[in-house]
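Colleague: I would like to learn how to read a model like this one. Can we take it feature by feature?

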Amino acid sequence: EQQRSILIQSASRFPPPPGVKFSYGTAGFRADASLLESTVFRVGILAALRSIQTGSVIGLMITASHNKVSDNGVKVADPSGGMLTQSWEPFADALANAPDSHSLLQLLDDFVKKEKITLEGAPAAEVLLGRDTRPSGMSLLDAAKQGITAIMGASARVMGVVTTPQLHWMVRAKNKGVEASENNYFDQLLASFRYLLDYIPQRNSRNNVTDKLIVDGSDGVGGEKLEKLKTRLGYLTIDVRNYGDGVLNEGVGADYVQKEKVVPRSFGPADAGIRCASLDGDADRLVYFSVLSNSNKIDLVDGDKILSLFALFLKEQLGILNGPEDAKANKSYQASLGVVQTAYANGASTDYLKQLGLEVVLTPTGVKYLHEKAAEYDIGIYFEANGHGTILFSDAFLSWLETRNNELASTSKGSDQHKAALRLLAVSKLINQAVGDALSGLLLVEAILQHMGWSIHKWNELYQDLPSRQLKVKVVDRTAIITINAETTVVRPVGIQEAIDTETAKYPQGRCFIRPSGTEDVVRVYAEASTQEAADNLARSVMRLVD
Ligand code: 16G
Ligand code: ZN
């Protein structure tokens, strides 16, 4: 009864905006910030319930990532640090769209019964709360707090301005009994990064790779954090630009750089030849680039190439670790190494990875799908071309690796095999296993480039991207388009796939697909072919089929 009246009272302070329909899309709720208070309040309630049900700490992040500064959004991190379980998404939708406090309460009643969540005498629930640098974040954070505390026994712990991956990392850490603080996060990243540098093969020590990196912080939280982190790096001079003076995501950031293939604001011809990287607004995406001389154009090194670099390195280290005598002595562990991409992955990257002998699978767009698939391997690497990705290690493999490392430390300390074990362990600590993380990804790229003795150009030459084009079409109802096979085949409307196939067949190395966006009211078209002109033409002609 007391619980009911608390809920009614607090919910009445957050009436939903009339006539707006919210949907927990690929990456949570996103909208113009002025529309979001009621939704964020309600997601606070949801997070508290999820914490009670799982008996674990849950995360709630307020961000709209690479979208414009006047937008905002909210998403929930599950106990593992990953995305909210998909089975709760319909509840999130219903909750956000409940027209008044009465229907809200009814929904909560039904859901709590269905999910067997006992509110009375429930164990203490805790939700970690974070936000990016958007000005609207402050009041939205307060709305989330009120939602959380509207559930009796639930408390909110404000982590303040953090990157999205930092918050996910903290949730994961807390649930493993590790201290969930920014310092601890930095410590872990730095310690494992230094480890990797300590084990760089002699032949490549330092002189081949320039120690200078320029990073575009997208005028968001990532630049701010990198400024703090870089003072503790030791080697590597990082020049951080766009770390908060300009407008968030405007002409800057990983999304802009990857889609437009031009330099971000405050970069120019003077930077030609230097290794550059770009983060997105909440620092869960990372791309590299180098500026072409005398122009604002760039050579883009996208998520596919980061993935390829990681895959190559891990495969090599696994190979060293599992020496031939080990197989005979039954000491090796046939760790499965899998790579997960989406249909947006450049065809040249997929070919390259397959040539390395790796298993490559495609999933639909959206981190939750890639992550889930990657978790099926001992080492699962996933990346979207847009720069979101990470590496997952299975518990079974990690515990074998720990044991093996101890063995090697006593039998052949300092051997190549021992070093390979140490490197793999360091990677598992450096890379954020909760979610893609631009800061941890950046440190891993830097360590591997040093290890290989490679410049950004050498790295970029792993394979040559096929020319591609992305277009979008505004449509009345994007849900009319239904795809299968990881979004590579359209099944509705009937007939359209045949038409796409006919167009595609006209172009050498042609590949093309369409999919409804999960974040905007548009249908996206992606085309690839042997020349830029051909890719453009293919995209345009398929666009006309959709219009
Ligand atoms: C979201 C997704 C991203 C995906 C993008 C596609 C997460 C955390 N983010 O930003 O992975 O690439 O949506 O957008 O899942 P679209 O559906 O509008 O093309
Ligand atoms: Zn992001």
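Modeller: Start with a helix contact. This is a predicted model. Gln 166, Trp 169, Met 170 and Ala 173 of helix α6 meet Glu 182, Asn 184 and Tyr 185 of α7.

Colleague: How many nonpolar, polar and charged residues does the contact of α6 with α7 have?

Modeller: By class, 4 are nonpolar, 2 polar and 1 charged.

Colleague: And at what angle do the axes of α6 and α7 cross?

Modeller: At roughly 95°, and the axes come within 10 Å. Helix α6 spans residues 164-175, and α7 spans 182-198. Angles of 65 to 115 degrees count as roughly perpendicular. The two helices, α6 and α7, are therefore roughly perpendicular to each other.

Colleague: Give me another helix pair. At what angle do α10 and α12 pack?

Modeller: At about 10°, with their axes 10 Å apart. Helix α10 is residues 303-321 and helix α12 is residues 347-355. Under 35 degrees counts as roughly parallel, so α10 and α12 are roughly parallel to each other.

Colleague: Which residues of α10 and α12 meet?

Modeller: On the α10 side, Asp 304, Lys 305, Ser 308 and Ala 311. On the α12 side, Ser 349, Tyr 352 and Leu 353. This contact divides into 3 nonpolar, 2 polar and 2 charged residues.

Colleague: Now sheets. How do I read one?

Modeller: Strands of a sheet pair through backbone hydrogen bonds, either parallel or antiparallel. Read the strand order next. One open sheet of 5 strands runs β1-β3-β2-β4-β5, with mixed pairing. At its edges stand β1 (29-32) and β5 (154-161), each with a single partner strand, so one side of each has no neighbour in the sheet. Ignoring direction, neighbouring strands of this sheet are turned by 15° against each other on average.

Colleague: In which sense do β2 and β4 pair?

Modeller: In the parallel sense, over 5 bridges. Strand β2 covers residues 58-62 and β4 covers 125-131. For one bridge, take Ile 58: its partner in β4 is Val 127.

Colleague: What is the strand order of the open sheet that holds β7 and β10?

Modeller: The order is β7-β6-β8-β9-β10. It is an open sheet of 5 strands with mixed pairing. Its edge strands are β7 (237-241) and β10 (298-301), each pairing on one side only. The twist averages 30° from one strand to the next. Helix α16 (residues 438-452) packs on this sheet. There α16 touches β6, β8 (275-279) and β9 (286-291), and its direction makes about 55° with that of β9.

Colleague: Show me some pairing inside that sheet.

Modeller: Strand β6 (residues 212-216) and β7 pair in the parallel sense over 5 bridges. Leu 213 stands opposite Ile 238 in β7. By contrast, β9 and β10 run antiparallel, joined by 4 bridges. Tyr 288 has Val 301 in β10 as its bridge partner.

Colleague: How many residues lie between β9 and β10 in their hairpin?

Modeller: There are 6. In that turn, Asn 294 has a positive phi of about 55°.

Colleague: Why should I flag a positive phi, or a cis peptide bond?

Modeller: Because most residues other than glycine have a negative phi, and most peptide bonds are trans. Ser 218 is not a glycine, yet its phi is positive, about 60°. Ser 218 lies in the loop between β6 and α8 (221-230). For a cis bond, go from Arg 492 to Pro 493, where omega is near -10°. Pro 493 is in the loop between β17 (489-492) and α18 (496-504).

Colleague: How do I combine annotations with coordinates?

Modeller: Check where annotated residues sit in space. In an unreviewed entry, UniProt's "binding site" annotation covers Ser 65, Asp 280, Asp 282 and Asp 284. These residues are spread over 220 residues of sequence but cluster in space, with a largest C-alpha distance of 8.1 Å. Asp 282 is found in the loop between β8 and β9.

Colleague: Which residues does UniProt list for the "Alpha-D-phosphohexomutase C-terminal" domain?

Modeller: The unreviewed entry lists residues 494-543. That span is 42% helix and 26% strand, and its end C-alpha atoms lie 16 Å apart.

Colleague: Last, the ligand. How many residues surround ligand 1?

Modeller: 14 residues do, and the closest are Ala 27, Val 367, Ser 517, Gly 518 and Thr 519. By class, the shell has 2 nonpolar, 9 polar and 3 charged residues.

Methods
Residues are numbered from 1 along each chain as its sequence is written. Chains are lettered from A and ligands numbered from 1 in the order in which they are written. This is a predicted model: local features need pLDDT of at least 70, side-chain atom pairs count only at pLDDT 80 or more; totals for chains, interfaces and linings use all residues. UniProt positions are given in the numbering used here, feature names are shortened, and annotations may be inferred rather than shown by experiment. A residue is near a molecule or strand if its C-beta atom, placed from the backbone, lies within 6 Å of it. Ala, Val, Leu, Ile, Met, Phe, Trp, Tyr, Cys and Pro count as nonpolar, Asp, Glu, Lys and Arg as charged, and the others, Gly among them, as polar. Axes are lines fitted to C-alpha atoms, for helices over the stretch in contact, and angles run from 0 to 180 degrees between N-to-C directions. Angles under 35 degrees count as roughly parallel, over 145 as roughly antiparallel, 65 to 115 as roughly perpendicular and the rest as oblique. Two residues are in contact if their C-beta atoms, placed from the backbone, lie within 7 Å. Two strands pair if DSSP finds at least two bridges between them.
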